[in-house]
Amino acid sequence: MIDPSNGYEEHAETYMRWRHPRIGLDIVREWAAEFPPGAAVLELGCGHGVISQVLVDAGVTLYAVDASRTLIEVFRERFPAVPTKCAAAEDAPYFDRAFDGVIAVGLIFLLSKEAQQIVLTRVADALNPGGRFLFTAPRQACMWTDDLTKRDSRSLGIEEYETLLRELGLHIDSCWTDEGGNHYYFVSKRLDERLDGSSSFA
């Protein structure tokens, strides 16, 4: 049977003990601060809500998805007002609405190349024009064994991500690295697509 959580359900309790309570929060806080109050933001791979707390504190209207039943139950206890789905990011219904922002910290690189392409496509479809997407993956193309689950993780690398995102009408605006060495891609959705293939950005 395929585990939609990529091993995180089996190791949920360990993950909650291991997850550093502060790494990455400053970067997410800066990203979230650019949204107006009430902006709709979708968090993919919300876990037990470490990043989510920053988003809630920023005043966005949060929606959350995670494939681990244990982690999503803890999340729901912390944030009972936040709509949630317990499902894989590549399969979950995205609440049948569009979003001003989508965030996926610590998720994309857990997926196969095919699943990553599906998620990126779904994110592009779910974003409003001018919407913003933040995700993490190493800058270089590489594979490694996840310390927690002992499963393969993979980054497609910045060049391939840039190509995939451009084809979907998205653009990498900048890249940052947090205090834990995690690499963040700041992405925006084009406001319009011209017939000649050029575009304008938010």
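## A bridge between two helices

Which side chain meets that of K113 in a salt bridge? In this predicted model, the partner is E160, with 3.0 Å from N to O. The two residues come from distant parts of the chain: K113 belongs to helix α5 (residues 113–126) and E160 to helix α6 (residues 158–167), 47 residues apart.

How accessible are the two partners? K113 has a relative accessible area of 34%, so it counts as partly exposed. E160 is also partly exposed, at 28% relative accessibility. As general background, side chains of opposite charge can pair when their charged atoms come close.

## Two more long-range pairs

The structure holds 4 salt bridges, and two others are worth a visit here. One of them joins D3 to R151, where the closest N and O atoms are 3.7 Å apart. D3 sits in the segment before α1 (12–18), while R151 lies in the loop between β6 (142–145) and β7 (152–155), so the pair links parts of the chain 148 residues apart. D3 is partly exposed at 21% relative accessibility, just as R151 is partly exposed at 35%.

The other pair is E34 with R132, whose side chains meet in a salt bridge at 3.8 Å, N to O. Here the link runs from the loop between α2 and β1, which holds E34, to strand β5, which holds R132, and the partners are 98 residues apart. Is each partner buried or exposed? E34 is exposed, with a relative accessible area of 60%. R132 is buried, because its relative accessible area of 14% falls under the 20% cut-off.

## The two sides of helix α2

Now to the helix that comes before the loop of E34. Which residues of helix α2 (residues 25–33) are buried? They are L25, I27, V28, W31 and A32. These buried residues cover an arc of only 160° around the axis, which puts them on the same side of α2. On the other side of the helix, D26 and A33 are exposed.

## What covers the buried side

What lies over the buried residues of α2? The cover includes the strands β1 (40–44), β4 (99–104), β5 (127–136), β8 (170–177) and β9 (183–189), together with helix α3 (50–57). If you have the model open, strand β5 is a handy place to connect the two stories: β5 is among the elements that cover the buried residues of α2, and β5 also carries R132, the salt-bridge partner of E34.

Conventions
Residues numbered from 1 in each chain as written. Predicted model: local features only at pLDDT ≥ 70, side-chain atom pairs only at ≥ 80, totals over all residues. Heavy atoms only, no water. Buried < 20%, exposed > 50% of the residue type's maximum accessible area, 1.4 Å probe, protein only. Helix = DSSP H or I, 4+ residues; strand = E, 2+ residues; numbered from the N terminus. Arc of directions from axis to C-beta. Contact = heavy atoms within 4.5 Å.
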